Amino acid sequence: MGYFKVSLIHKGKRQDQIIEAYTKNDAKDKIKHKYNGVIITKIEPTSAPIDVITKDFFGQLQKQFKKSINMNDKIATIRQIAVMTDAGLPIHDTLADVSVNTQNKQLSDIYYSISSDIDAGKSLSESMENYREEFGHIALAMAKLGERTGSLAASFMKLSVILESIRDNSSKFKKAIRYPMITLTAMAIAFTILILVVVPKFKDVFSQFKTELPLPTKILLGLENILSNYGFLVLFGLIGLIYGTIYYYKKDKDFKLKVDTLFIHKNFYLINKVVFLSTMHRYTLVLGELIKSGIPVSEALNTAVGMVDNLAIRQKLEGVNANIGRGLSLSESFELTGLFENMLLQMIRAGEASGQLDGMLEKVTQYYDMQFQSIIDNLSAYIEPIMMFFIAGLVLLMALGIFMPMWDLGKAAKGG
């Protein structure tokens, strides 16, 4: 859906209308349906009205503060469903029981709603479709697989294994990056306090100097002036900039593509490997498990690519299915993406030839996982040089900014 500015004449009056529609013809049809005897003079794409943008922005902002469903609770309920359905209990009764027993209020409401939908005649996958954002693509795919094969227990148990793997990697990354982030934040706060407390004490002394102040001193005085007079504006501005960037990143596809491409660029130190390896691990994990579970390769590819958050990688992987449709093999299609190493392509090629594609994809997944774990385990060692450079820069700026004028003053006194 997009927005179109429609210039029209109605009852002898010229006016412009902004219409939300899929295409120009769709916008034209909506205008003709809305006004009788209207004359349309021009239709052109435009941006959304300011009130829509504002409403959408605050809606996204509210969503940011909305508590997301705890992954541990989600996995626990999925395992519970697998065990209960494996014991022969009907899915309706299973979901109703899970809804009552789970401590997570959001999950309780969701499972109760799904149970009610099933009681009204809907299938499990149809009911879960309403909660795609909460469960994700893989959960819906496994639900459909369970319905197709008649074994929801096996599908949900496999789903819990996949989610646990994704959760463990995410948790390990957050844990590894926590210490560097705390250290850098503490240094930034300490530097700000020094600027606000120490620099003002030297401000009057510096103002008495007859010569031009050194550049580091000018920088310190400028920072002190900004923080003292506009500190809260700077703080709120930074918060607004962060949330505005996040909002723009989520809403503007072109901007998201540029940022995601930057994240995996070879010159984007460390982050490129973390993003690439974690993304490819998740993709190959889901793809391999789906193929092993009996889902056709084409459908498995579509589901697996839905797990890819990085748009630059996703666009390359989306072409795999199209290339397979043109007669290329999976390994040849993967090779065209430029994302897979030659060794991995050979493994996939061997899996296709031997009929053991799922096994080879599992080996590929293990390779990406091994590489990812290696980076996470050594993350502190990788980040330490950056931290030391940042800390040294702050200390050097503070020292030079304060002591350089003193040295100049001492030299002038000796000369006199």
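This is a short talk on one predicted model, going from its overall division to a few helices, ring pairs and single residues.

Good morning, everyone. Please keep in mind throughout that what you see above is a predicted model, and that every value I quote is computed from it.

Let me start with the overall division of the chain. The protein is split into domain 1, which covers residues 2-65, domain 2, which covers 71-165, and domain 3, which covers 209-410. If you take the C-alpha centres of domain 1 and domain 3, you find them 37 Å apart.

Next, what does the UniProt record say? An unreviewed UniProt entry carries the annotation "domain: Type II secretion system protein GspF" over residues 78-200 and 285-405. In the model, residues 78-200 are 85% helix and 0% strand, with end C-alpha atoms 59 Å apart, while residues 285-405 are 83% helix and 0% strand, with end C-alpha atoms 61 Å apart. UniProt, again in an unreviewed entry, also places the feature "transmembrane region" at residues 179-199, 230-249 and 386-407. Of these, the span 230-249 is 100% helix and 0% strand in the model, and its end C-alpha atoms lie 28 Å apart; the span 386-407 is likewise 100% helix and 0% strand, with its end C-alpha atoms 30 Å apart.

Now let us look at one helix in detail, namely α8, which runs over residues 137-149. How far should its 13 residues span? At 1.5 Å a residue the expected value is 18 Å, and because the end C-alpha atoms are indeed 18 Å apart, the model agrees with the expectation. Within α8, the buried residues are I138, A139, L140, A141, M142, A143, L145 and G146. These buried residues pack against several other helices, which are α6 (124-128), α7 (132-135), α9 (152-197), α13 (271-292) and α14 (297-305). Just after α8 comes G150, which has a positive phi, near 80 degrees.

From α8 I would like to move to the aromatic rings, of which the structure holds 6 pairs. In one of these pairs, Y111 and F135 have ring centres 5.9 Å apart and planes at 55 degrees, and because an angle between 30 and 60 degrees is called tilted, that is the name this pair receives. Y111 sits in helix α5, residues 105-119, and F135 sits in helix α7, so the pair ties together parts that are 24 residues apart in sequence. Are these two residues buried or exposed? Y111 has 3% relative accessibility and therefore counts as buried, and F135, with a relative accessible area of 7%, is buried as well.

A second pair is made by F276 and Y368, which meet edge-to-face, with 6.3 Å from centre to centre and 80 degrees between the planes. This pair links distant parts of the chain, since F276 belongs to helix α13 and Y368 to helix α18, residues 357-377, and the two are 92 residues apart. Y368 is buried, at a relative accessible area of 1%. Ring pairs also bring F276, Y367 and Y368 together into a cluster.

Let me return to Y111, this time from the side of T77, which is found in helix α3, residues 71-86. T77 is buried, with a relative accessible area of 2%, and its side chain is joined to that of Y111 by a polar contact of 2.9 Å. Beyond residues up to four places away in sequence, T77 touches V98, T102, L107 and Y111.

Helix α5 also contains I114, which is buried at a relative accessible area of 1%. Setting aside neighbours within four places in sequence, I114 is in contact with L95, L124, S127, M128, Y131 and F135. By contrast, the C-alpha atoms of I114 and V205, which are 91 residues apart along the chain, are separated by 72 Å.

I will finish with K11, which lies in the loop between β1 (2-10) and β2 (13-21). Most residues other than glycine have a negative phi. K11, however, has a positive phi, near 55 degrees, although K11 is not a glycine. Because K11 has 75% relative accessibility, and exposed means over 50%, K11 counts as exposed.

Thank you for listening.

Definitions and conventions:
Residues numbered from 1 in each chain as written. Predicted model: local features only at pLDDT ≥ 70, side-chain atom pairs only at ≥ 80, totals over all residues. Heavy atoms only, no water. Helix = DSSP H or I, 4+ residues; strand = E, 2+ residues; numbered from the N terminus. Expected span 1.5 Å × (residues − 1). Buried < 20%, exposed > 50% of the residue type's maximum accessible area, 1.4 Å probe, protein only. Contact = heavy atoms within 4.5 Å. Domains from an automatic or database assignment. Phe/Tyr/Trp six-rings, centres within 6.5 Å; stacked < 30°, edge-to-face > 60°. UniProt positions renumbered as here; feature names shortened; annotations may be inferred. Polar contact = N/O pair within 3.5 Å; in protein donor to acceptor, adjacent residues only side chain to side chain.
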